[in-house]
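Me: I'd like to learn how to read a structure like this one step by step. Could you walk me through it?

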Amino acid sequence: MSDAATRALAEHFNARLRDVVLLLRRVNADQPVTSQQLAVLGSLDGGPRRMTELAEEQGVRLPTMTAQINRLERDGLVRRGRDAADARVVTVELTGPGAEHLRTGRARRVDFLAERLAALSPGDREAIAAALPALDRLFAPERKTPYARTTG
């Protein structure tokens with residue numbers, strides 16, 4: 001594939017990713033937890049994380065993540081703690097209600113996607129399934145969790 005064709009593919013792929021993100025945000029738009037908050041909760045699904053790690057993973061600055069965590073903590077969805085090895089380090093973990101909001105948000109998105117996928121032809125569903133390993137490789141350097149445990 002030429003550089004120009006690769007660039008065109010990247011542009012088309014970028015547009016589709018944007019469409020997917022916006023579509024999935026709308027699925028949970030009527031819920032008390034925003035898509036951005038669900039993404040943070042998803043980042044905590046594997047256990048407590050440092051604030052700096054969360055900010056880096058979410059692609060925001062630490063003050064922005066702090067404000068997000070303040071809201072989630074206020075709503076009882078996360079709790080702050082300290083790193084056992086370094087008490088100066090602030091960690092964040094899911095609470096029971098936070099985990100429940102995360103499960104609900106994920107279930108809504110998966111149900112929505114399953115309905116949309118079911119409306120496609122078997123060939124289209126097979127094409128999407130066949131593309132998943134390539135997508136795994138494309139995003140592998142960025143992913144810190146296994147494919148089965150996607151964030152948010």
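Me: Happy to have it in view. Where do the contacts in the protein chain with a separation of 6 or more come from?

Reply: A good start is to ask how far apart in sequence the touching residues are. In this predicted model, 53% of the contacts with a separation of 6 or more are between residues 24 or more positions apart.

Me: Which elements does the protein chain have, and in what order do they run from the N terminus?

Reply: Take the helices and strands in order, as you would read a map. The protein chain has six helices and three strands, and from the N terminus they run α-α-β-α-α-β-β-α-α. The C-alpha trace spans about 50 × 35 × 20 Å along its principal axes.

Me: How much of the protein chain is buried, and what does its accessible surface come to?

Reply: Of the 152 residues, 24% are buried. The accessible surface is about 10,100 Å², and carbon and sulfur atoms hold 57% of that area.

Me: Let's turn to charge. How far apart are the mean positions of the positive and negative charges?

Reply: Here one averages the places of each kind of charge and compares the two averages. The protein chain has 24 positive and 20 negative charges, and their mean positions are 3 Å apart.

Me: How many salt bridges are there?

Reply: The idea is to look for a side-chain nitrogen of Lys or Arg within 4 Å of a carboxyl oxygen of Asp or Glu. That rule gives twelve salt bridges.

Me: Which residue forms a salt bridge with E53?

Reply: It is R49, with 3.3 Å between the closest N and O atoms. E53 sits in helix α3, which covers residues 51–58.

Me: Is R49 buried or exposed?

Reply: Buried means under 20% relative accessible area, so R49, at 14%, counts as buried. E53 has 33% and therefore counts as partly exposed. As a check on distance, the C-alpha atoms of E53 and T34 are 20 Å apart, with their positions 19 residues apart along the chain.

Me: What is the partner of R50 in a salt bridge?

Reply: R50 pairs with D83, and their closest N and O atoms are 3.4 Å apart. This pair links distant parts of the chain: R50 is in strand β1 (residues 49–50), D83 is in the loop between β2 (78–82) and β3 (90–94), and the two are 33 residues apart. R50 is partly exposed at 32% relative accessible area, whereas D83, at 18%, counts as buried.

Me: Where do E100 and R103 lie?

Reply: Both are in helix α5 (residues 96–118), three residues apart, which is about one turn of the helix. Their side chains meet in a salt bridge with an N to O distance of 2.9 Å. E100 is partly exposed at 41% relative accessible area, and R103 counts as partly exposed at 48%. Elsewhere, salt bridges that share partners join R49, E53 and E57 into one network.

Me: What is the average pLDDT of the protein chain, and where does pLDDT stay under 50?

Reply: The average is 89, and 92% of the residues score at least 70. Over residues 145–152, pLDDT stays under 50, and the model has 17 contacts beyond four places in sequence for that stretch.

Me: Why does a low value call for care?

Reply: Where pLDDT is low, predicted coordinates should not be read in detail. For this structure, that caution goes with residues 145–152, where pLDDT stays under 50.

Terms used
Residues numbered from 1 in each chain as written. Predicted model: local features only at pLDDT ≥ 70, side-chain atom pairs only at ≥ 80, totals over all residues. Heavy atoms only, no water. Helix = DSSP H or I, 4+ residues; strand = E, 2+ residues; numbered from the N terminus. Buried < 20%, exposed > 50% of the residue type's maximum accessible area, 1.4 Å probe, protein only. Contact = heavy atoms within 4.5 Å. Areas by Shrake-Rupley, 256 points an atom, 1.4 Å probe, with all protein chains shown as cover. Lys, Arg positive; Asp, Glu negative; His and termini not counted. Charge placed at Lys NZ, Arg CZ, Asp CG, Glu CD. pLDDT = per-residue confidence, 0-100.
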